[in-house]
Amino acid sequence: MSTDTIAPPPARQVEPAERVWAGELAFLAAYDGGPRPTGWRLTPRAVVTFICGSDGEPLRLPGGAVGGRGAAQDGPGAAAPPEKLVVTRKFVGERDQVERCVVTLAGERGLLLVGEPGTAKSMLSELLAAAVCGDSTRVVQGTAGSTEDQLKYGWNYALLLAQGPSEAALVPSPVMAAMRAGAVARVEEITRCLPEVQDALVSVLSDRRISVPELSGERDAAVYAAPGFTVIATANLRDRGVSEMSAALKRRFNFETIGPIGDPEAEIALVRDQAEAALERVDAPFAVDDAVLEVLVTAFRDLRTGRSVEGWDVERPSTVMSTAEAVSVTTSIALSAAYFPGDRDPLSLVPGHLIGVVRKDDPADADRLLAYWDGAVRRRAQDESRARAWRRLWELRGVLGH
Ligand SMILES: Nc1ncnc2c1ncn2[C@@H]1O[C@H](COP(=O)(O)OP(=O)(O)OP(=O)(O)O)[C@@H](O)[C@H]1O
Ligand SMILES: [Mg+2]
């Protein structure tokens, strides 16, 4: 066997949004040739369309737009965008809210997306960055161990020791790289960083430069932000509160609170689409019927809000019953159905998965789930007009372990 062939690069498990949606982004750049803020790939309106979709309507390129400004940016190798395209909805939420986010970024202000876990804050931040500057990968992941270096810059210690501080030895953080490029930097879970570490962003967002005192006396003693630079941060309400952020930093961000999905139908459709997409990625058929999806998403919503669709009170578990969890449970159920077909009906897997989600925080939540079964599930099972799935779910009460 020949050893000089180069193996193709392994496929990636997750592609950044700008690659997943490269076709749509190129199309939208050509579709809307209007004025755009400095450094932006798309117009603000096209960014909103990219995220919220075109309502199932195909958009048509204006005459002569192919090969126009947007298409030309991607270089000669990039394929010309199609003449018409339906832009998919990626974020389920109010268009107004997405518009506000885009306006914040167009004004080069920091944007902070806050909300419960699993409400697509990170996804929205990634989509915004991909649409605005074509690169969503300049990300700092905030943790309890984050240091200021990770937000500003570090050093290549071998070079530093050999040559002393120099531009070549400087290792820019993703924030610094975004400043140089006039692009979007993302800071995930900012409130998990210590407040004094978070505050490194105050000077970045107000002075728009990072000084490098080690290089003082040289031309590169400060790195300045190019026009277009801005920051999108996310914060999870279950972590250390945003209330602990310094007032100075808060003032430099516009806050947007991302809530759970309001419309049940939209949530069911989203869960189906995302689980289907997950199965497609592993080449497995998706065989979970709508009745199972409806029951599952309804249970998630009842437990999340503390009130059933019928208006009955439901005891809320302390775990967040997020849409993201509903997607992963549906994916697991679909995988079971694909790999172990005929073993068990998908509905019979629902209680086991629900207990797995609910028990994550507080063991007492298992009793709350049982109370949900004895309340809402039982009442629906007794109602002849309801879907059979609720009766089957009630019969499965034993799975909950009491
Ligand atoms: N409104 C929504 N629109 C589209 N997808 C959503 C929505 N809400 C939840 N999801 C689903 O949730 C997944 C996870 O979202 P994401 O990781 O961005 O949440 P998050 O708010 O950042 O959560 P965390 O606080 O745990 O980091 C998304 O990939 C998507 O499948
Ligand atoms: Mg997140």
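Analyst: A residue is called buried when its relative accessible area is under 20%, exposed when it is over 50%, and partly exposed in between, using a 1.4 Å probe and protein chains only. Helices (H or I, at least four residues) and strands (E, at least two) are DSSP runs, numbered from the N terminus. The structure is a predicted model, in which local features need pLDDT of at least 70 and side-chain atom pairs count only at pLDDT 80 or more, while totals for chains, interfaces and linings use all residues. Residues are numbered from 1 along each chain as its sequence is written, chains are lettered from A and ligands numbered from 1 in the order in which they are written, and side-chain values use heavy atoms, with hydrogens and water left out.

User: How many residues of helix H3 are buried?

Analyst: Helix H3 covers residues 44–52, and 7 of its 9 residues are buried. These are Ala 46, Val 47, Val 48, Thr 49, Phe 50, Ile 51 and Cys 52.

User: What do those buried residues pack against?

Analyst: They pack against H2, strand E1 (58–60), H5 and H6, where contact means heavy atoms within 4.5 Å.

User: And what follows H3?

Analyst: Gly 53 follows H3, and its phi is positive, near 85°.

User: Moving on to Glu 24: is it buried or exposed?

Analyst: Glu 24 has a relative accessible area of 9%, so it is buried. The residue belongs to helix H2 (residues 22–31).

User: Which side chain does Glu 24 make a polar contact with?

Analyst: The side chain of Glu 24 makes a polar contact with that of Lys 90, at 2.6 Å. A polar contact is a pair of N or O atoms within 3.5 Å; within protein, one must be able to donate a hydrogen and the other to accept it, and residues adjacent in sequence count only if both atoms are side-chain atoms. The side chain of Thr 88 also makes a polar contact with the side chain of Glu 24, at 3.0 Å.

User: Where does Thr 88 lie?

Analyst: Thr 88 lies in the loop between strand E2 (84–86) and helix H5 (95–106). With a relative accessible area of 34%, Thr 88 is partly exposed. Leaving aside neighbours within four places in sequence, Thr 88 is in contact with Trp 21, Glu 24, Phe 50 and Gly 53.

User: What does Lys 90 lie over?

Analyst: Lys 90 lies over the face of Trp 21, at 4.7 Å from the ring centre. A charge sits over a ring if NZ of Lys or CZ of Arg is within 6 Å of the ring centre and within 35 degrees of the ring normal. Arg 380 likewise lies over the face of Trp 390, at 4.4 Å from the ring centre.

User: How many aromatic pairs does the structure hold?

Analyst: The structure holds 3 aromatic pairs. One of them is formed by Tyr 153 and Trp 155, whose ring centres are 5.8 Å apart with planes at 85°, so this pair is edge-to-face. Both Tyr 153 and Trp 155 are buried. Rings of Phe, Tyr and Trp (its six-membered ring) pair if their centres lie within 6.5 Å; planes under 30 degrees apart count as stacked, over 60 as edge-to-face and the rest as tilted.

User: Different topic: what is the order of the open sheet?

Analyst: The 5 strands of this open sheet have the order E4-E7-E10-E3-E11, with parallel pairing. Its edge strands, E4 (139–141) and E11 (253–257), each pair on one side only. Two strands pair if DSSP finds at least two bridges between them. E7 and strand E10 (residues 230–236) run parallel and are joined by 4 bridges. One bridge links Arg 186 to its partner in E10, Ile 232.

User: Which strands does helix H9 lie across?

Analyst: Helix H9 (residues 174–181) lies across E4 and E7, running at about 160° to E7. Axes are lines fitted to C-alpha atoms, for helices over the stretch in contact, and angles run from 0 to 180 degrees between N-to-C directions. Val 175 is found in helix H9, and its relative accessible area is 0%, so it is buried.

User: Where is Glu 188?

Analyst: Glu 188 is in strand E7 (residues 184–188). It counts as buried because its relative accessibility is 6%. The side chain of Glu 188 makes a polar contact with the side chain of Thr 234, at 3.4 Å.
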